[in-house]
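User: I would like to learn how to read a few features of a model. Can we take them one at a time?

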Amino acid sequence: MRVEQLGEGEPTLAVVGAIHGDEPCGVHAIETLLDANPSVERPVKFVIANERALDRNVRYIEADLNRVFPGDPGAEAYETRLAHELLEELRGCITLSMHSTQSYERPFALVEKTDPFTEMIGPYLSLDAVVETGAETFENALVGYVDVIEVECGLQGSPQADENAVELVYEFLAATGALSGSIDPAGALPVFQIGESIPKQEGSDYAVHAENFRQVNEGEVFTTVDEQVIIAEEPFYPVLMSEEGYSQQFGYTAEKIDLLKN
Ligand SMILES: [Zn+2]
């Protein structure tokens, strides 16, 4: 784990990249910011979490870091020990953590529940949506343990995700007062609440016909497995839905519950 800091004193803000080693956009954003070395009004901590997985361009070495919080310093698995160390670093910090997916090219955020911190910062970030995961969808994920906005910056490994990640870090630092100058809120931001997992039947050829964050109507064909079409029994909003992002599921259903405004 690499930890850097801008500004003097004990940071109460943190920016994290590479919780997953095959999602390099956050690392790009952190390195871009450290190179630019802007003067900050508040100290900020920068953490590149899973360096070993990053070196090998894999999601993780022994365990998915974002499923083993709060971790354990005596654990056998590397990521379980790392989870403990990372939480120690992030204690008391409002945190932005950067990821990327195979599901959607524009940034969106994942939070456990919309709280005053999300309401304050969310509208200042260039996001298409906020997704509430609740406490059970992703067990032992970072969202359950610190004040964090996890941002999916774009498609995994794409130059656009790198670019989006840089923009999001600057916006986060401006919204939290670490960088001076005024910033305008991006506008109303829809909030989605995750519902059910959308299972993926066994097959060899998968196609997704629906678009994430766009309502699928009852009776609409939203995926195909080999030649078989899968039809929506009731309307829903798909989130994190992709052909190959997960092995056992296409993604999740969600409900649109709110709009964040500033
Ligand atoms: Zn990730």
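User: How many residues does α1 have, and how far does α1 reach from its first C-alpha to its last?

Analyst: This is a predicted model. α1 has twelve residues. From first C-alpha to last it reaches 17 Å, close to the 16 Å expected at 1.5 Å a residue.

User: Which residues in α1 are buried?

Analyst: Start with the general idea. An α-helix has 3.6 residues a turn, so residues three or four places apart point the same way. In α1, the buried residues are C25, G26, V27, A29, I30, L33 and L34.

User: What comes just after α1?

Analyst: N37, with a positive phi of about 50°.

User: Which protein atoms are the donors of the zinc ion?

Analyst: ND1 of H20, ND1 of H99, and two OE donors from E23. They lie 2.0 to 2.6 Å from the zinc ion. Along the chain, the donors follow the spacing H-x2-E-x75-H. H20 sits in the loop between β2 (13-17) and α1 (25-36), while H99 is in strand β4 (residues 94-101). The pair is 79 residues apart and links distant parts of the chain.

User: Are H20 and H99 buried or exposed?

Analyst: Both H20 and H99 are buried.

User: What is the geometry of the zinc site?

Analyst: Irregular. Angles among the four donor atoms run from 54 to 151°. A tetrahedral call needs all angles between 85 and 135 degrees.

User: Now the surface. Which residues make the nonpolar patch?

Analyst: V221, V229 and I231 make a patch of about 220 Å². I231 lies in strand β11 (residues 228-231).

User: Why can I231 count towards a patch?

Analyst: Patch residues need over 30% relative accessible area. I231 is partly exposed at 45%, so it passes that cut-off.

Key. Residues are numbered from 1 along each chain as its sequence is written. This is a predicted model: local features need pLDDT of at least 70, side-chain atom pairs count only at pLDDT 80 or more; totals for chains, interfaces and linings use all residues. Side-chain values use heavy atoms; hydrogens and water are left out. Patches are made of residues with over 30% relative accessible area and no salt bridge: like charges are joined within 9 Å, nonpolar side chains (Val, Leu, Ile, Met, Phe, Trp, Tyr) within 5 Å. Accessible areas come from the Shrake-Rupley method with a 1.4 Å probe; for residues, only the protein chains shown count as cover. A salt bridge is a side-chain nitrogen of Lys or Arg within 4 Å of a carboxyl oxygen of Asp or Glu. Helices (H or I, at least four residues) and strands (E, at least two) are DSSP runs, numbered from the N terminus. Buried means under 20% relative accessible area, exposed over 50%, partly exposed in between (1.4 Å probe, protein chains only). Donors are N, O and S atoms within 2.8 Å of the metal (3.2 Å for Na, K and Ca); water is not among the atoms, so sites may look incomplete. Four donors count as tetrahedral if all angles lie between 85 and 135 degrees; four count as square planar and six as octahedral if opposite donors are over 155 degrees apart and all others between 65 and 115; anything else is irregular. The expected span of a helix is 1.5 Å times one less than its number of residues.
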